[in-house]
Amino acid sequence: MSKIAFVGLGNMGGPMAANLVKAGHEVRGFDLSETSVKAAAETGVKASGALAEAVSDAECVITMLPKGQHVTAVWTDLTTLIPEGTLVIDCSTIDVENARKAHELADVMNCISLDAPVSGGTGGAAAGTLTFMVGGSEKAFALGKPILEAMGKKIVHCGDAGAGQAAKICNNMILGISMIGVCEAFGLAEKLGLSHQALFDVASTSSGQCWSLTTYCPVPGPVPTSPANNDYKPGFAAALMLKDLTLSQEAAKQSGAATPLGAHAAELYAEFEKTGHGADDFSAIIQMLRGKASG
Ligand code: NAD
C-alpha cells in the first residue's frame, strides 16, 4: 500500500480520496477550503494544513483541481517539495496544453507523471466506478494503474502525455452534441404529436440509439433514473459541460480540426449558462430549445 498525497478535496476529490483510504492506502489530503479538508478527515484522510505537509513522504501525489492554471501552479510548487521518482497524477479535466506543461514540470523534477481525467461524475467518484482516461509513458501507466483501480472500474491507457485529456474532451464533445440532438428530436416529436415513450421505444432500438437517449433521457418517463425525473438536478451540471466544450473548441482551434457542431453546442451551452442555468443538469437544455420553438 502506498503513501498518497491528495490535493483538491472537492465534489470529486473528496470521495476519490475516501476510496483510496478504503483500499488501504495512507492518504494525506490538502485543499484551500478548510471545510473540504474537514469533510475528508471524516472519511479517514489525514488532514494537512499546507501542500508541503501533505506531500512530505508521499510516494504518489494526485491533484483534482478546477482548471489548468490551478494544476500547473500546484505542480510548479511541487518542484521544490517532492523527491525525484515520485509518481504525480493529475485527474482534473484541463486543456491539453496545460496538461503537457504539467508533464514537462514533472520531467524537470525527474518525476513520473500521468494525466488521468475521469468520466462518471460524483456518483462514480463515490462508488469507485470512474473511468480513467490516461496519458503518459508505459512505465508511468504501469505504476499508476493499481492506484487508479481503487477509484475506478475502467482504466484506459490512451497514449503519451496529454492523451488522457484529449480523449476526455473528444468524448464530452460527442456527449454535448448528442444531448442537443436528442433534445431536438424530442422537441420535434412533441410538435408532431408523437409521444415521448413512442420516440424512445423506436430510437433506443434503432440507429438513433445513444447514451444521451438511453441512459440520460432528457424528458421524464422513459428512463426513470435520468435527471429529467428529478427536476433536472445534476448529475452533470451544464456549467461543466460548457467547460468541456470550451476546452474542445480551444483544442480544435489550436490543432486546426473542423468541429462546427462542437462549436454550435458550445454556443448553446454558453447561452444556457448566461440565462442562469449553469447549475442545472446539462440535459435541461431541452427547456431552452423548447423556448426557441415558434407557434
Ligand atoms: P470542486 O470545485 O468541487 O473541487 C475543486 C477543489 O479544488 C476545491 O475544493 C478547491 O478548494 C480546491 N482547490 C483549488 N485550488 C487549489 C489549490 N491551489 N490547492 C488546493 N486545493 C485547491 O470541483 P470538482 O467537481 O471536484 O471537479 C474537479 C475536477 O474534476 C474539475 O477539473 C472538473 O472539471 C472535473 N470533473 C468533475 C466532474 C463532476 O461531475 N463534478 C466530473 C468529471 C470531471
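Select Phe6 first, and then Gly29, which is the bridge partner of Phe6 in strand β2. Widening the selection to residues 3–7 shows strand β1, which runs parallel to β2 and is joined to β2 by five bridges. Bear in mind from the start that this is a predicted model.

Next, select strand β2 on its own, residues 26–30, and display what surrounds this strand. Four of its five residues are buried, so strand β2 is largely enclosed by the rest of the structure.

From there, colour the protein chain by domain, with residues 3–160 as domain 1 and residues 166–291 as domain 2. The contact between the two takes eight residues from domain 1 and ten residues from domain 2. On the side of domain 1 that touches domain 2, the residues divide into four nonpolar, three polar and one charged. If you place a marker at the C-alpha centre of each domain, the centres of domain 1 and domain 2 lie 29 Å apart.

Now bring up the ligand. Both domain 1 and domain 2 give residues to the shell around the ligand, so the ligand lies between them. The shell holds 26 residues, and those to select for a close view are Gly8, Gly10, Asn11, Met12 and Ser92, which are the closest to the ligand. By residue type, the shell divides into 13 nonpolar, eleven polar and two charged residues. Among the helices to highlight here are α4 (68–78), α6 (121–127) and α11 (238–255), each of which supplies at least two residues of the shell. The largest share, three residues, comes from α4.

Follow the chain next into residues 162–289, which an unreviewed UniProt entry annotates as "domain: 3-hydroxyisobutyrate dehydrogenase-like NAD-binding". Over this range the chain is 65% helix and 0% strand, and a distance drawn between the end C-alpha atoms reads 34 Å.

As a last stop, select Val219, in the loop between α10 (211–214) and α11. Is Val219 buried or exposed? Val219 is buried, because 21 other C-beta atoms lie within 10 Å, where 20 or more are needed for a residue to count as buried. Once neighbours within four places in sequence are left aside, Val219 is in contact with Phe186, His196, Ala228 and Ile286, and these four residues can be added to the selection. Finally, a C-alpha to C-alpha distance drawn from Val219 to Tyr232 gives 9.5 Å, for a pair that is 13 residues apart in sequence.

Notes: Residues numbered from 1 in each chain as written. Predicted model: local features only at pLDDT ≥ 70, side-chain atom pairs only at ≥ 80, totals over all residues. UniProt positions renumbered as here; feature names shortened; annotations may be inferred. Near = placed C-beta within 6 Å. Nonpolar A, V, L, I, M, F, W, Y, C, P; charged D, E, K, R; others polar. Domains from an automatic or database assignment. Contact = placed C-beta atoms within 7 Å. Buried ≥ 20, exposed ≤ 12 C-beta atoms within 10 Å, placed from the backbone. Pairing = 2+ DSSP bridges.
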